Amino acid sequence: MRPFDRAVYRLVSMIPRGQVATYGQIAALLGAPRAARAVGQAMKRCPAGNGVPWHRVINARGGVSLRANVAGMLTQRILLEREGLRLVGQRVDLHRHRWRGAKRRPAAAPTLARL
DNA sequence: ATAGTGACCGCGT
DNA sequence: AACGCGGCCACTA
């Protein structure tokens with residue numbers, strides 16, 4: 001398993017029950033604020049039944065993202081509802097449930113480091 | 001090493 | 001408010 005993937009799973013595992021994080025948020029916490037898509041790919045490859053609360057990762061609009069299997073989307077929504085999240089239509093109320101637990105890392109724009 | 005891909009994101013119609 | 005477009009960057013073939 002790739003280091004990046006592990007880092008993503010480790011972070012996702014810290015999201016408490018009843019709260020959610022966005023792909024971009026996870027990316028930012030990893031120090032790569034522009035790598036939201038990569039986080040999505042990591043989640044896509046997330047092995048099932050490994051204890052990682054994959055359903056707590058949603059997109060910036062509070063919606064469930066899944067291309068391939070529609071069943072997966074429903075599953076995610078059901079899991080979220082089961083955790084008592086307040087849904088506004090098809091979307092999670094981010095203002096209310098966004099995870100604020102992890103500390104930001106020193107930051108210093110990683111994009112600049114690339115120059 | 002290079003080119004293609006996408007469970008994203010933010011901004012402009 | 002909803003939709004489209006282009007940038008992004010880690011991963012894959």
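A backbone N or O atom of K44 lies 3.3 Å from a base nitrogen of DNA strand B, a polar contact in the sense of a pair of N or O atoms within 3.5 Å. The model is predicted, so that local features need pLDDT of at least 70 and side-chain atom pairs count only at pLDDT 80 or more, while totals for chains, interfaces and linings use all residues. Residues are numbered from 1 along each chain as its sequence is written, chains are lettered from A and ligands numbered from 1 in the order in which they are written, and side-chain values use heavy atoms, with hydrogens and water left out.

Side chains also reach the bases. A polar side-chain atom of R61 is 2.7 Å from a base nitrogen of DNA strand B, and one of Q41 is 3.2 Å from a base nitrogen of this strand.

In total, 16 residues surround DNA strand B, with G24, K44, A60, R61 and R67 the closest; a residue is near the strand if one of its heavy atoms lies within 4 Å of it. Of the strand atoms that come within 4 Å of the protein, sugar and phosphate make up 46%. Helix α3 (36-44) contributes the most to this surface, 6 residues, and α2 (23-29) supplies at least two; helices here are DSSP runs (H or I, at least four residues), numbered from the N terminus.

The largest pocket is lined by 25 residues, and K44 is among those nearest its centre, together with Y23, G40, S65 and L66. Elements giving two or more residues to this lining are α2, α3 and α4 (70-82), and α3 again provides the largest share, 6 residues. A pocket is an open set of points on a 1 Å grid over the protein atoms alone, where a 1.4 Å probe fits, with protein on both sides within 12 Å along at least five of seven lines; lining residues have an atom within 4 Å of a point.

Notes:
A polar contact is a pair of N or O atoms within 3.5 Å; within protein, one must be able to donate a hydrogen and the other to accept it, and residues adjacent in sequence count only if both atoms are side-chain atoms.
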